[in-house]
Amino acid sequence: MTPAQRDRRRLPPVQEDPIRFAWVARLIGRLMALYVRLVAATARTSGPRVAQMQMIWAVWHESNLAVAVAALALRDDPAAIVFTTRGFRGIVMNAMLRGIGCGAVTLPPEGSAGRAEAASVSRTMARLTREGWSVLASCDGPFGPPRVAKPGVLIVARESGLPVQPWAIAVRPPLRLKRRWDRQLVPLPFCRIRVVEGKQLRLGPRERIRPRLQELQAELDRITALADRRMASRLHHR
């Protein structure tokens, strides 16, 4: 990111539906942001530490919280734009993201994403990348099925020209929210976090998405298994 981009980068406004108890959602989100910062300050995080470079981080939805922690620990500038949903859960996530210096772009309601709405989201994302923002995209989100890559992240890459950087996260102890569709990983204070980067993907402005989607799926599968193996090996040899 150039100094000029850094100077003019501002958190974008977020579109939120008026709902009851929105203040409760925002309070929960702010508390979650404090928790993420606490874990980032106390966790033993290992992985490649890289200088700021604009990119699209491609992760599985299950590792969203762990990625936020790892980015704070390993990146010089971890700020990114994240897609969020509408409703109570979306307001929670928007507040959490703002609390750690990230922005959000709200997706259309599930099942109602027509061409006009999709084009509007793409234009918003393209403008934000020109202002210097990176993008964090859950490849199987926001509603699953888990660990099945969808084309959205590659569409953003094609429109923005940014490289896709797959990330896989292993956490010990591996606490999971088992009733959620993604079995979300919850990193605890003083936990151990292992980050593995995959091979970057770059898309041309007119490149077909489907062949590259298979490539993204294979790379995420590979590095997810690799992160788990490396974590298990490190613990075994302690």
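Strand β7 (residues 192–197) is mostly covered, with 5 of its 6 residues buried. That is a handy place to enter this predicted model, since β7 has partners on both of its flanks in the strand order β1-β7-β6-β2-β5-β3-β4. On one flank, β1 and β7 run parallel and are joined by 3 bridges. On the other, β6 and β7 pair in the antiparallel sense, this time over 6 bridges. Arginine 194 of β7 turns up in both pairings: it is the bridge partner of serine 46, and it is also the bridge partner of alanine 170.

Stepping back to the whole chain, there are 7 helices and 7 strands. Read along the sequence, they follow the pattern α-α-β-β-α-β-α-β-α-β-α-β-β-α. The chain has 238 residues, and 47% of them count as buried. As for how the chain folds back on itself, take the contacts between residues at least 6 apart in sequence: 78% of these join residues at least 24 apart.

The sheet itself is open, holds 7 strands and shows mixed pairing. At its edges stand β1 (44–46) and β4, each with a single partner strand, so one side of each is left without a neighbour in the sheet. Neighbouring strands are turned by 25° against each other on average, with direction ignored. Towards the β4 end of the order comes the pair β5-β3. Here β3 and strand β5 (residues 134–138) pair in the parallel sense over 3 bridges, and valine 82 stands opposite leucine 136 of β5. As a general point, side chains in a regular strand alternate between the two faces of the sheet.

Threonine 84 gives a close-up of β3, the strand that spans residues 80–84. With a relative accessible area of 5%, threonine 84 falls under the 20% cut-off and therefore counts as buried. Leaving aside residues up to four places away in sequence, threonine 84 touches Met93, Asn94, Leu97, Ala104, Val105, Thr106 and Leu107. Among these contacts, Ala104, Val105 and Thr106 fall within the range of β4 (103–106).

Among the helices, α3 (residues 64–74) deserves a look: 9 of its 11 residues are buried, so α3 is largely enclosed by the rest of the structure. The buried set consists of Asn64, Leu65, Ala66, Val67, Ala68, Val69, Ala70, Ala71 and Leu74.

What about empty space? Rolling a probe the size of a water molecule over the atoms shows where such space is left. The count comes to 2 cavities of 30 Å³ or more. The largest cavity has a volume of about 40 Å³, and its lining is made up of Trp60, Glu62, Ser63, Arg147, Trp167, Ala168, Ile169 and Thr224. Strand β6 (residues 164–172) gives the most to that lining, with 3 residues. By class, the lining of the largest cavity has 4 nonpolar, 2 polar and 2 charged residues.

The second largest cavity holds about 30 Å³ of space. Ser122, Met125, Ala126, Val156, Glu159 and Ser160 line this second largest cavity, and α5 (115–130) and α6 (152–160) each supply at least two residues of the lining. The class split in the second largest cavity is 3 nonpolar, 2 polar and 1 charged.

Helix α5 shows up again in an open feature, the second largest pocket, where the largest share of the lining, 5 residues, comes from α5. The volume of this second largest pocket is about 260 Å³. Its lining counts 15 residues, and Gln15, Val105, Thr106, Val121 and Thr124 lie nearest the centre. The elements that give two or more residues to the lining of this pocket are β4 and α5. Divided by class, the pocket lining has 8 nonpolar, 4 polar and 3 charged residues. Two of the residues nearest the pocket centre, Val105 and Thr106, are also among the contacts of threonine 84.

Key. Residues numbered from 1 in each chain as written. Predicted model: local features only at pLDDT ≥ 70, side-chain atom pairs only at ≥ 80, totals over all residues. Heavy atoms only, no water. Helix = DSSP H or I, 4+ residues; strand = E, 2+ residues; numbered from the N terminus. Buried < 20%, exposed > 50% of the residue type's maximum accessible area, 1.4 Å probe, protein only. Contact = heavy atoms within 4.5 Å. 1 Å grid on protein atoms, 1.4 Å probe; cavity = no way out; pocket = protein on both sides within 12 Å on 5 of 7 lines; lining within 4 Å. Points joined across faces, edges and corners; volume = space filled by probe spheres on them. Nonpolar A, V, L, I, M, F, W, Y, C, P; charged D, E, K, R; others polar. Pairing = 2+ DSSP bridges. Axes fitted to C-alpha atoms, helices over the stretch in contact; angles between N-to-C directions.
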